[in-house]
Amino acid sequence: MDSARYAYAVIGIALIVGGCGGGGTVFALKDPTYAVKPTSVTVITGGSEESDLKLAEYLTQELRDRTQLNVIGQEEVSKAVASYPIAVKTVEENNGQVEWIDPSEKPRLQKIQSKLRTNYVFVVWSKRLKQTSYCSSRGGCSNTYSADVFGNMLEYPSGKIVSHTAFNRRNSDSVLALFRSKGYYVDELLKKSAEDIVDEFIKVTNTGRGR
Amino acid sequence: MHRPSVMRLGTIIGLILALSGCSTFHLTQEPFQPKGKKLAVIAGMTNDSSLRIAKSFGDELGKTSMFQVLSQTQVAQAIPNYPQLVKGPYKSAYFEIDVDYAKTDVGRVKELQQHLGVDYVYVLWAPATVSHGNSSWFSKHYLVTQIVAQLFESPGGKEVGRGQYAVRVDDQTHQVLSEDVRRVALEMAEKTHTVK
């Protein structure tokens with residue numbers, strides 16, 4: 001089975017288990033006993049398409065606003081790593097493992113980390129962004145947008161993967177679509193994905209900002 | 001006609017318009033007289049689509065116009081760490097580009113221009129490649145890449161032209177259809193009075 005089919009199968013099962021809003025693992029530690037230190041993190045996009053960049057931006061913003069970690073901004077990443085964004089190769093079929101980062105990419109990530117000097121590097125991908133249109137027999141059409149979100153957080157200096165993320169998110173437009181900008185519903189989908197990751201991140205790592 | 005068919009027909013008509021009917025380049029400074037012949041085509045994004053189209057467009061422009069176009073190898077040698085991300089002229093670009101030319105990071109374009117020593121820099125962004133329908137016995141399936149581009153004068157970074165268009169990409173080989181790119185290159189050559 002090729003990796004794309006495997007990923008579809010995983011996501012399909014996750015959808016059935018998780019209900020219509022999408023499903024999967026939003027954020028989980030590879031080793032549940034591992035304690036994330038409230039130090040510093042850089043979000044790196046693993047893809048170079050527009051949806052990857054936006055997802056990284058939104059996740060950076062959410063982590064910065066809601067956690068105790070010191071979060072490096074995407075502009076700083078761009079300045080420090082001249083060729084950023086880089087496409088980080090993935091392994092989506094990995095015998096039930098949850099390390100999406102291709103092992104061959106670790107030296108490159110290590111190099112990026114050495115420039116940014118954060119304790120964690122969170123790599124995220126938005127894959128298979130899709131638009132499905134449906135027109136009812138009574139008139140009126142609607143669009144549903146969906147994306148698969150993948151992520152791995154690495155700890156430094158060890159370079160070990162400590163967390164995994166893999167879920168599908170969907171968003172449908174409404175009659176208000178006529179008054180919305182072109183990318184509004186995909187933007188919403190990506191923002192919501194970032195929010196969900198950070199909700200779970202805070203729960204799991206206990207690094208939320210006190211109210 | 002069944003409604004999904006109507007919708008598909010609408011999409012196809014939109015694609016035909018994007019691929020053939022509409023202008024792909026227009027001048028923002030008129031009248032235009034080229035100040036020099038040296039030109040570089042730069043990808044404003046680091047993704048494969050942008051790089052592939054930058055190469056293809058540069059090749060076609062070199063053939064159809066009097067511009068002396070730098071090869072992508074020369075561009076990569078001149079600009080450290082090329083390709084680099086340059087904030088592009090759009091608000092969003094998922095399935096279609098929501099263009100806003102005021103959003104371009106012109107400062108970054110000027111920085112890149114300094115390395116090139118050319119008279120003009122054509123920066124293109126190809127942020128979205130979408131798939132419409134499937135292949136059949138009678139038709140081949142192509143992916144469609146949406147592109148937005150701006151032509152800047154050097155030095156100074158004054159914008160002198162811009163355009164938005166789409167080109168077809170072979171589903172299997174991922175090669176850009178040269179006839180689509182040639183049409184865009186020819187239109188730019190005509191409008192800048194540089195046709196060979």
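Helix 2 and helix 5 of chain A are oblique to each other. In this predicted model, the axes of helix 2 (residues 50–66) and helix 5 (residues 184–205) of chain A come within 9 Å and cross at roughly 40°. Angles between 35 and 65 degrees fall outside the parallel and perpendicular classes, so this crossing counts as oblique. The crossing of these two helices of chain A is right-handed. On the side of helix 2 of chain A, the contact is made by A:S51, A:K54, A:L55, A:Y58, A:L59, A:E62, A:L63 and A:R66. Helix 5 of chain A answers with a list that includes A:V186, A:L190, A:A194, A:I197, A:V198 and A:I202. Sorted by character, the residues of this contact are ten nonpolar, two polar and six charged.

**A closer look at helix 5 of chain A**

How many residues does helix 5 of chain A have, and how far does the helix reach? Helix 5 of chain A has 22 residues and reaches 31 Å from its first C-alpha to its last, close to the 32 Å expected at 1.5 Å a residue. Several of its residues are buried, among them A:Y185, A:L189, A:L190, A:A194, A:I197, A:F201 and A:T205. Some residues appear both in the contact with helix 2 of chain A and in the buried set, including A:V186, A:D187, A:S193 and A:V198.

What covers the buried residues of helix 5 of chain A? The cover includes strand 1 (24–29), helix 2, strand 4, strand 5 (141–155) and strand 6 (160–172) of chain A, together with strand 4 of chain B. Just after helix 5 of chain A comes A:N206, with a positive phi near 55°.

**The crossing in chain B**

Chain B also has a helix 2 and a helix 5 to look at, and the table sets the two crossings side by side.

| Helices | Axes come within | Crossing angle, roughly |
|---|---|---|
| Helix 2 and helix 5 of chain A | 9 Å | 40° |
| Helix 2 and helix 5 of chain B | 8 Å | 55° |

Helix 2 and helix 5 (residues 178–191) of chain B are therefore oblique to each other, and helix 2 of chain B passes helix 5 of chain B in a right-handed crossing. Here the contact is made by B:S56, B:F57, B:E60, B:L61 and B:T64 of helix 2 of chain B, and by residues of helix 5 of chain B that include B:V181, B:V184, B:A185, B:L186 and B:M188. The residues of this contact in chain B divide into eight nonpolar, three polar and two charged.

Does the span of helix 2 of chain B agree with what is expected, or disagree? At 1.5 Å a residue, the 17 residues of helix 2 (residues 48–64) of chain B should span 24 Å, and the end C-alpha atoms are 24 Å apart, which agrees. Buried residues of helix 2 of chain B include B:S49, B:R52, B:I53, B:A54 and B:G58. B:S56, B:F57, B:E60, B:L61 and B:T64, named above for their contact with helix 5 of chain B, are buried too.

**Chain A as a whole, and its meeting with chain B**

Chain A has five helices and six strands, and along the sequence they follow the pattern α-β-β-α-β-α-α-β-β-β-α. Of the 211 residues in chain A, 38% are buried. Among the contacts in chain A with a separation of 6 or more, 68% join residues 24 or more positions apart.

Where the chains meet, 21 residues of chain A are in contact with 20 residues of chain B. Helix 2, strand 4 (120–135) and helix 5 of chain A each give two or more residues to this side of chain A. Strand 4 of chain A gives the most, with four residues. The residues on this side of chain A divide into eight nonpolar, nine polar and four charged.

**Three single residues**

Is A:I72, in strand 3 (residues 70–72) of chain A, buried or exposed? A:I72 is buried, because 21 other C-beta atoms lie within 10 Å. Leaving aside neighbours within four places in sequence, A:I72 is in contact with A:T42, A:V77, A:L116 and A:T118. A:I72 and A:V121 are 49 residues apart in sequence and 9.9 Å apart in space, C-alpha to C-alpha.

A:K79 sits in helix 3 (residues 74–80) of chain A and is exposed, with 11 other C-beta atoms within 10 Å. B:P80 lies in the loop between helix 3 (72–78) and strand 4 (90–93) of chain B. With 11 C-beta neighbours inside 10 Å, B:P80 counts as exposed.

Notes. Residues numbered from 1 in each chain as written. Chains lettered and ligands numbered in written order. Predicted model: local features only at pLDDT ≥ 70, side-chain atom pairs only at ≥ 80, totals over all residues. Axes fitted to C-alpha atoms, helices over the stretch in contact; angles between N-to-C directions. Parallel < 35°, antiparallel > 145°, perpendicular 65-115°, else oblique. Left-handed = near helix turned anticlockwise from the far one by under 90°. Contact = placed C-beta atoms within 7 Å. Nonpolar A, V, L, I, M, F, W, Y, C, P; charged D, E, K, R; others polar. Buried ≥ 20, exposed ≤ 12 C-beta atoms within 10 Å, placed from the backbone. Expected span 1.5 Å × (residues − 1).
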